[in-house]
Amino acid sequence: MKWRSLQESDSHRDVRSLREIFSERKELIAKYVPADVQAVHARAVAALKAQGVAANALINLGLGAKAPSFELADHNGKLVSSAELLAKGRLVLSFIRGRWCPFCVGQMEAMSFIGEEIKADGGSIVAVSPQTQKQSFFMRDQHKLGFPLLVDAHNELARQFGLVYRVSEEQQALYSCTFVNLPFVNGDSSWELPIPATFVIDREGAIVFASANEDYMERPEPLEILALFRDDSAGPRLL
């Protein structure tokens, strides 16, 4: 199955909510992906939920907590620091798995649509993944993303946020059969990934919005994030 980008599937902007876009992709998975393959992914998500990965991350770095600072290379190899970004305004920081994940692609395309409005409100968006600089460059170029993709080698920043897990042996075997070669994509043999998560950080470095989910098919709505930028009186939010 070829997962088309929003630009490939339609020359116009897809105005549907991210939930609607994801619902369509889930329906395609249910229709075309073998049940035993779906079961492997479902077991992996269930195991992570049982470990409480998202809950623990949001307890340790939830609303009001000071976000770890960072300086990471982007898709072009340029160093990007949280200090420089926060000097301009609020920062949207999204952790994704990689360009091979259709749900990461869908989320990033949807986030790109609100990028100019976030920028107009003095904010910035960056996405962080363990994939190599080359993979990040390909992803940004292919999907015409309007914000930097930062390279988190060995998941060092994601680990500070408590988001990192090791892909199960069962899922490793499945990925290897479907050409998701994580050691190649990420440039290391750890088979570690971050669970998807998005944080909004204010200029003082405090987290004012936090969302993390072991289920890679669930992500926060970009318009909800945009509303947080537009409404200065909005209180901290946890999803």
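In the charge count used here, Lys and Arg are positive, Asp and Glu are negative, and His and the chain ends are left out. With that in hand, let us walk through this predicted model. On this count, the protein chain carries 26 positive and 30 negative side chains. The centres of these two sets lie 2 Å apart.

Now for the overall build. The protein chain contains twelve helices and ten strands. Its radius of gyration is 17 Å, which agrees with the value near 18 Å that a compact globule of 239 residues would have. If you align the view with the principal axes, the C-alpha atoms fill a box of roughly 45 × 40 × 35 Å. Of the 239 residues, 53% count as buried. The accessible surface comes to about 11400 Å², and carbon and sulfur atoms account for 53% of that area. The contacts tell us how the chain is connected: taking pairs at least 6 apart in sequence, 72% join residues at least 24 apart.

The cysteines make a good next stop. A disulfide is a covalent bond between the sulfur atoms of two cysteines. How many disulfides does a search of the whole structure find? The search finds zero. Cys 104 is a case to look at, since its nearest cysteine sulfur, in Cys 101, is 3.4 Å away and Cys 104 is in no disulfide. The reasoning is that a disulfide needs the two sulfur atoms within 2.5 Å. Cys 104 has 0% relative accessibility, so it counts as buried. Is Cys 177 buried or exposed? Cys 177 counts as exposed because its relative accessibility is 62%. The closest cysteine sulfur to that of Cys 177 is again in Cys 101, but it is 18 Å away, which is too far for a bond.

Let us turn to helix 8, which covers residues 133-142 and holds Arg 140. The relative accessibility of Arg 140 is 26%, so this residue counts as partly exposed. Which residues does Arg 140 touch once neighbours within four places in sequence are set aside? They are His 75, Leu 145, Gly 146, Phe 147, Pro 148 and Leu 149. Arg 140 also offers a look at how the fold brings parts of the chain together: Arg 99 is 41 residues away along the chain, while the two C-alpha atoms are separated by 8.9 Å.

Following the chain out of this helix, we reach Lys 144, in the loop between helix 8 and strand 5 (149-151). Its backbone deserves a glance in a torsion plot, with phi near 55 degrees, a positive value in a residue other than glycine. At 58% relative accessibility, Lys 144 counts as exposed. Trp 191 also has phi near 55 degrees, again positive in a residue other than glycine. Where does Trp 191 sit? It is in the loop between helix 11 (182-186) and strand 7 (192-194). Trp 191 has a relative accessible area of 12%, so it is buried.

Another loop, between strand 9 (207-212) and helix 12 (222-230), holds Glu 218. This residue is partly exposed, because its relative accessible area is 35%. Beyond its neighbours within four places in sequence, Glu 218 is in contact with Lys 26 and Asn 213. Asp 202 is 16 residues from Glu 218 in sequence, and the C-alpha atoms of the pair are 24 Å apart.

Our last stop is Ala 44, in helix 3 (residues 35-51). Its relative accessible area is 13%, so Ala 44 is buried. Between the C-alpha atoms of Ala 44 and Glu 27 the separation is 20 Å, with the two positions 17 residues apart along the chain.

Note on methods: Residues are numbered from 1 along each chain as its sequence is written. This is a predicted model: local features need pLDDT of at least 70, side-chain atom pairs count only at pLDDT 80 or more; totals for chains, interfaces and linings use all residues. Side-chain values use heavy atoms; hydrogens and water are left out. Helices (H or I, at least four residues) and strands (E, at least two) are DSSP runs, numbered from the N terminus. The radius of gyration is taken over C-alpha atoms; the globule rule is 2.2 Å times the number of residues to the power 0.38. Buried means under 20% relative accessible area, exposed over 50%, partly exposed in between (1.4 Å probe, protein chains only). Contact means heavy atoms within 4.5 Å. Accessible areas come from the Shrake-Rupley method with a 1.4 Å probe; for residues, only the protein chains shown count as cover. The place of a charge is taken as NZ of Lys, CZ of Arg, CG of Asp or CD of Glu.
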